[in-house]
Amino acid sequence: MAEHSVHRKLPAWMEDLDATTSTIRRGDSDSKSDSLTDITSNVPLLRFKGTINYCSTVGECGAICEELMSQAVSEDKLMLGFDMEWPVDFKTGSGKTALIQICVNEKICHLFHVCCMRNLPVAFIHLLQHPKVKLIGVNIKNDLWKLSRDFGVTVKPLIESRVVELRDFANEVLHCDQNWSLDRLVLHVLKMKLDKSDTVRKSDWNTQILSSAQENYAATDAYASLLLYKHLTKKTTEDVRR
């Protein structure tokens with residue numbers, strides 16, 4: 001079958017960086033690493049600076065979820081940055097979900113260390129199912145399917161109506177067609193970078209006590225999703241006014 005090249009429509013502000021990354025993709029591995037470092041060397045690092053609330057028991061997690069549901073009742077909708085972490089073994093593959101991150105705003109992010117719990121709190125499942133709650137993330141639908149496989153949670157209704165897939169939302173707002181990763185979206189939209197070093201990303205998320213580096217990494221990922229949603233929503237509003 002003949003291959004047809006498809007011209008990607010990119011916003012003007014993305015074209016220079018896209019051209020640079022295209023050049024990188026054609027280079028060898030050493031030049032790729034050096035070039036990527038050059039691109040982001042002067043870009044500020046995104047980091048969650050609010051309170052990180054760590055929960056490792058069913059009771060703690062359930063209480064937080066109850067509070068969030070009470071908050072949702074008093075609002076039109078409650079948008080939550082969402083992410084998950086799990087250990088990855090190159091021989092056995094992906095392990096069971098170990099950590100679930102929920103970012104409410106720039107002031108508070110909750111970390112639910114579910115590998116320390118016998119099961120998911122009922123209140124957590126009710127939070128996911130709450131009609132006023134929407135979860136925001138990159139590749140979030142696959143995350144929820146994994147949650148379903150790991151814990152037997154019914155997620156199909158959530159995927160159909162209660163998630164915001166940032167890949168799709170960004171393409172709609174930016175009028176482009178990209179297979180976004182979270183760190184690439186942060187770079188393009190927020191002009192910042194995420195720390196995606198293997199030291200933390202591939203660390204042991206099943207450890208009984210998370211390190212401060214793990215907590216900051218996890219909280220920042222969930223926060224990044226929420227922040228991206230707010231920026232893209234603001235851009236949508238501004239475009240409508242023009």
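In this predicted model, asparagine 139 sits in the loop that runs between strand S7 (133-137) and helix H5 (140-151). Its backbone is a bit unusual to look at: asparagine 139 is not a glycine, yet phi is positive, at about 60°. With a relative accessibility of 26%, asparagine 139 counts as partly exposed, because that value falls between the limits of 20% for buried and 50% for exposed.

Lysine 191 turns up with a positive phi too, near 60°, and is again a residue other than glycine. This one belongs to the loop between helix H8 (182-190) and helix H9 (198-201). Lysine 191 has 47% relative accessibility and so counts as partly exposed.

Now for the rings. The chain has four aromatic pairs. One of them brings together phenylalanine 112 and phenylalanine 124, with ring centres 6.0 Å apart and planes at 90°, so this pair is edge-to-face. Since phenylalanine 112 is part of strand S6 (residues 108-112) and phenylalanine 124 is part of helix H4 (residues 122-129), the pair ties together parts that are 12 residues apart in sequence. Both phenylalanine 112 and phenylalanine 124 are buried. A charge over a ring shows up as well: lysine 146 lies over the face of tryptophan 86, 4.9 Å from the ring centre.

As for the chain overall, there are 10 helices and eight strands, and 44% of the 242 residues count as buried. Of the contacts between residues at least 6 apart in sequence, 70% join residues at least 24 apart. The accessible surface comes to about 13400 Å², and carbon and sulfur atoms account for 50% of that.

Methods. Residues are numbered from 1 along each chain as its sequence is written. This is a predicted model: local features need pLDDT of at least 70, side-chain atom pairs count only at pLDDT 80 or more; totals for chains, interfaces and linings use all residues. Side-chain values use heavy atoms; hydrogens and water are left out. Helices (H or I, at least four residues) and strands (E, at least two) are DSSP runs, numbered from the N terminus. Buried means under 20% relative accessible area, exposed over 50%, partly exposed in between (1.4 Å probe, protein chains only). Contact means heavy atoms within 4.5 Å. Accessible areas come from the Shrake-Rupley method with a 1.4 Å probe; for residues, only the protein chains shown count as cover. Rings of Phe, Tyr and Trp (its six-membered ring) pair if their centres lie within 6.5 Å; planes under 30 degrees apart count as stacked, over 60 as edge-to-face and the rest as tilted. A charge sits over a ring if NZ of Lys or CZ of Arg is within 6 Å of the ring centre and within 35 degrees of the ring normal.
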